Amino acid sequence: MKEFWSKRVRDMIPYVPGEQPKDRKFIKLNTNENPYPPSPKVLAAAKAAADEALRRYPDPECLALRQAIAAHAELDPSQVFCGNGSDEILSFAFQAFFDKENPITFPDITYSFYEVYVKFLDLTSNLIPLNEDFSLPVERFVREPSGGVVIANPNAPTGQAISLDELRRILNGNREQVVIVDEAYIDFGGDSAVGLIDEYPNLLVVQTASKSRSLAGLRVGWALGNANLIAAMCCVRDSINSYTVDRIAQAAAAAALEDAAYFDQTRRAIMHTRESALTRLQELGFQAAPSKANFLFVRHPKLAGKLVFQALRERGILVRRWDQLRIEDYLRISVGTEEEMDALCAALREIVSG
Ligand SMILES: *Cc1c(COP(=O)(O)O)cnc(C)c1O
């Protein structure tokens with residue numbers, strides 16, 4: 001059934017996104033979406049942008065949005081690149097900075113899209129196993145020869161973060177290649193690498209409006225780095241599709257960057273809920289490490305992950321789980337509202353007690 005397919009596509013095993021159910025109302029804790037709506041100012045900006053100007057192409061350079069991001073990050077707009085979600089940004093970066101002959105290093109347990117890009121783009125990778133406790137073996141990233149490094153900080157799906165000192169060691173050990181730091185979850189408690197950009201011309205930091213700004217449906221992400229790296233990203237984009245971020249998205253994302261008060265209020269609420277949920281899950285017997293992201297990565301020592309996943313689903317709660325070595329008994333649970341976490345804990349209490 002793969003008649004007419006190119007060889008490359010015939011052999012692909014693509015990324016599988018978390019389920020977006022349409023038939024039934026679930027408590028959705030499976031894709032790390034923000035449980036709070038976008039800022040009212042964002043919705044107003046999106047509506048205002050939906051006017052007759054839609055007949056025109058959007059600004060391919062996303063200048064106004066880049067200015068808003070640059071102001072927030074204390075950088076120059078020439079150090080900012082915008083794209084259709086950070087997944088697109090990452091796929092462009094893999095094409096802009098890596099070659100097949102020199103394997104890219106990233107952890108064995110991390111965002112599974114990285115390995116998909118490696119296969120699809122005919123690149124190669126060197127997977128470095130996380131330590132037993134899922135912390136990052138920093139020294140191996142310093143020592144191993146590499147054609148480039150990709151690190152999610154905080155890491156997904158573990159929620160663990162590395163410090164800026166650790167990141168500096170990795171950057172110092174990899175001065176000849178690009179180091180990508182995927183900061184999809186940085187606003188929930190990690191230390192951002194953005195302040196290191198002027199010091200390291202090989203550092204590319206990738207962020208997104210999807211998680212901390214409640215805009216997964218808008219599809220806006222950005223890369224921050226030396227203007228030379230940004231120029232390579234533009235070269236990839238303009239070899240594929242110059243208009244990756246539409247008019248409405250550019251206006252709405254800029255409004256999100258400008259509403260600092262709403263951003264702070266919602267991310268603090270999520271961090272607060274995360275800490276209380278962590279304690280309650282531990283009280284129910286779950287092994288859960290502290291997380292710097294908007295999710296918890298947990299397992300129960302006596303219950304198979306598959307069983308807990310299924311039992312939650314039957315109770316109307318969706319979480320995420322992978323059939324992958326080392327983590328098959330773990331569940332990744334997105335932090336929802338207080339009420340959603342109450343429902344989660346009540347369901348888990350039932351499941352644990354038999
Ligand atoms: C969610 C996520 C992304 C993708 O975010 P989009 O901007 O919605 O494409 C990238 N990296 C990691 C680690 C993520 O969890």
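Let's start with helix α7, which spans residues 164-172 and has Leu-167, Ile-170 and Leu-171 as its buried residues. These three sit on the same side of α7, because they cover an arc of only 100° around the axis. That fits a general rule of thumb: an α-helix has 3.6 residues a turn, so residues three or four places apart point the same way. As for what lies over these buried residues, the cover includes helix α6 (138-143) along with the strands β5 (149-152), β6 (179-182) and β7 (203-208). Keep in mind as you look around that this is a predicted model.

Now step back along the chain to the loop between β5 and α7, where you'll find Pro-154. The loop between β5 and α7 is also home to Pro-157. Both prolines are worth a pause. In general, most peptide bonds are trans. Yet the bond joining Asn-153 and Pro-154 is cis, with omega at about -5°. The peptide bond running from Ala-156 to Pro-157 is cis too, and its omega is near 5°.

Next, turn to the helices that pack against α12. In general, two packed helices are described by the angle between their axes and the distance between the axes. Take α10 (residues 260-283) first: α10 and α12 pack at an angle of about 10°, and their axes are 10 Å apart. An angle under 35 degrees counts as roughly parallel, and α10 and α12 are therefore roughly parallel to each other. Who meets whom here? From α10 come His-272, Thr-273, Ser-276, Ala-277, Arg-280 and Leu-281, while α12 brings Glu-338, Met-341, Asp-342, Leu-344, Cys-345 and Leu-348. By class, this contact of α10 with α12 is a mix of 6 nonpolar, 3 polar and 3 charged residues.

The other partner is α11, made of residues 305-314, which packs with α12 (residues 338-352) at an angle of about 125°, the axes again being 10 Å apart. That angle makes α11 oblique to α12. Is the crossing left-handed or right-handed? α11 passes α12 in a right-handed crossing. On the α11 side, Val-308, Ala-311 and Leu-312 take part, and they meet Leu-344, Ala-347, Leu-348 and Ile-351 of α12. The class count for α11 with α12 is 7 nonpolar residues, with no polar and no charged ones. Leu-344 and Leu-348 turn up here, and you've already met them in the contact with α10.

Back to the backbone for a moment. Most residues other than glycine have a negative phi, so a positive value is worth a look. Asn-32 is one such case, with phi near 60°. You'll find Asn-32 in the loop between β1 (27-28) and α2 (40-49), and with a relative accessible area of 1%, Asn-32 is buried. Arg-326 also has a positive phi, about 80°, although it is not a glycine. Arg-326 lies in the loop between β11 (317-318) and β12 (331-334), and at 31% relative accessibility Arg-326 counts as partly exposed.

Our last stop is Leu-257, which belongs to helix α9 (residues 247-258). Is Leu-257 buried or exposed? At 8% relative accessibility, Leu-257 counts as buried. Leaving aside its neighbours within four places in sequence, Leu-257 is in contact with Ala-68, Ile-69, His-72, Arg-213 and Trp-222. Val-42 is 215 residues away from Leu-257 in sequence, but C-alpha to C-alpha the two are 9.2 Å apart in space.

Note on methods
Residues are numbered from 1 along each chain as its sequence is written. This is a predicted model: local features need pLDDT of at least 70, side-chain atom pairs count only at pLDDT 80 or more; totals for chains, interfaces and linings use all residues. Side-chain values use heavy atoms; hydrogens and water are left out. Axes are lines fitted to C-alpha atoms, for helices over the stretch in contact, and angles run from 0 to 180 degrees between N-to-C directions. Helices (H or I, at least four residues) and strands (E, at least two) are DSSP runs, numbered from the N terminus. Angles under 35 degrees count as roughly parallel, over 145 as roughly antiparallel, 65 to 115 as roughly perpendicular and the rest as oblique. A crossing is left-handed if the near helix is turned anticlockwise from the far one by less than a right angle, and right-handed if clockwise. Contact means heavy atoms within 4.5 Å. Ala, Val, Leu, Ile, Met, Phe, Trp, Tyr, Cys and Pro count as nonpolar, Asp, Glu, Lys and Arg as charged, and the others, Gly among them, as polar. Buried means under 20% relative accessible area, exposed over 50%, partly exposed in between (1.4 Å probe, protein chains only). The arc is that of the directions from the helix axis to the C-beta atoms.
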